[in-house]
Amino acid sequence: AAKTPRPTLGFERGYLEPDPDAPTIFLSIAAYRDDFCQDTIMSAFEQARNPDKLSIGIFQQWDPEEDIDCLDFSSVCPGLHPVCSRVDQIRIIRISFLDAKGPTFARYYADLLLEDEEFHLQIDAHSLFTPNWDHEAVAMWRSLDNDFAVITSYPKSLVYMHEWYPEKKTKLCAICFTEWKTPNMMTMHGPCNFCLQSRSQRPPVAHCLLGRWHFV
């Protein structure tokens, strides 16, 4: 199948010494015929401060005759890419796309691959990571001093990320309120240009959990 060229953010990998005491993180991915899935996995490992503490669970709904396998790392492996020596940290369930039953169904089965990891991150199958993302996510969560806290947002589209990342801004989509338009339809309202003043600023309170990105 033809593959969409991988977007880039125009940054070099930020390097921090690995932390032997860092917590483990489970990355949950539900993929539906997504040709960017393996790039998401590669980005997670290559930008993590502690790639050895990262496990990934994937629920892939695909057509093996037409789609690219989420574990197809032939573009970089064998080689020195961090993913090449960490394939055993990836767990995957594959089903036919004809048996798919929506995103909630897929995310549930991806989460069944969770084992004893200390943190959980749910993302879309078409994502890129910034340098030391694992270290920063844990530090942000700990800054809340709340064992029940969940950090959640709608990430900016890859198409637009190059417009803000070089300026070191952290633009987030903040949901301000929700309303029921009909008995079966809830609408969420919120600006997608909320900016933290610094990368260490305490996250603001959100109105609801957002499915595309949450860390707990």
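Which residue in β2 is the bridge partner of A31? It's Q60. That pairing is one small piece of a set of parallel strands in this predicted model, with β1 joined to both β2 and β4, and β2 joined in turn to β3. Before getting into the strands, here's how far to trust the coordinates.

**Confidence**
- The chain averages a pLDDT of 81, with 69% of its residues at 70 or more.
- Strand β3, covering residues 90-96, has the highest confidence in the chain, with a mean of 98.
- At the other end sits strand β9 (residues 194-196), where confidence is lowest, at a mean of 53.
- Where pLDDT is low, don't read the predicted coordinates in detail.

**Strand β1 and its neighbours**
- β1 spans residues 25-32 and is mostly covered, with 6 of its 8 residues buried.
- On one pairing, β1 runs parallel to β2 (residues 54-62), and 8 bridges join the two.
- For concrete contacts in that pairing, I25 has L54 as its bridge partner in β2, while A31 has Q60.
- β1 also runs parallel to β4 (residues 119-124), this time through 6 bridges.
- In that second pairing, S28 stands opposite Q122 of β4.
- Helix α1, residues 37-47, belongs with β1 and β2 in a β-α-β unit, and the unit is right-handed.

**Strand β2**
- β2 is mostly covered too: 9 of its 9 residues are buried.
- Its side chains split into two sets, with L54, I56, I58, Q60 and W62 pointing one way.
- S55, G57, F59 and Q61 point the other way, and the residues of both sets are all buried.
- So what does β2 pair with besides β1? β3 is joined to β2 by 7 bridges, and the two strands run parallel.
- Within that pairing, Q61 stands opposite I95 in β3.

**A nonpolar patch on the surface**
- Away from the strands, Y108, Y109 and L112 form a nonpolar patch on the surface.
- Together, these three residues have about 300 Å² of accessible area.
- One of them, Y108, is found in helix α2, which covers residues 103-111.

Technical notes:
Residues are numbered from 1 along each chain as its sequence is written. This is a predicted model: local features need pLDDT of at least 70, side-chain atom pairs count only at pLDDT 80 or more; totals for chains, interfaces and linings use all residues. Side-chain values use heavy atoms; hydrogens and water are left out. Buried means under 20% relative accessible area, exposed over 50%, partly exposed in between (1.4 Å probe, protein chains only). Helices (H or I, at least four residues) and strands (E, at least two) are DSSP runs, numbered from the N terminus. Two strands pair if DSSP finds at least two bridges between them. A crossover is right-handed if, with the strands pointing away from the viewer, the path from the first strand over the helix to the second runs clockwise. Patches are made of residues with over 30% relative accessible area and no salt bridge: like charges are joined within 9 Å, nonpolar side chains (Val, Leu, Ile, Met, Phe, Trp, Tyr) within 5 Å. Accessible areas come from the Shrake-Rupley method with a 1.4 Å probe; for residues, only the protein chains shown count as cover. A salt bridge is a side-chain nitrogen of Lys or Arg within 4 Å of a carboxyl oxygen of Asp or Glu. pLDDT is the predictor's confidence in each residue, from 0 to 100.
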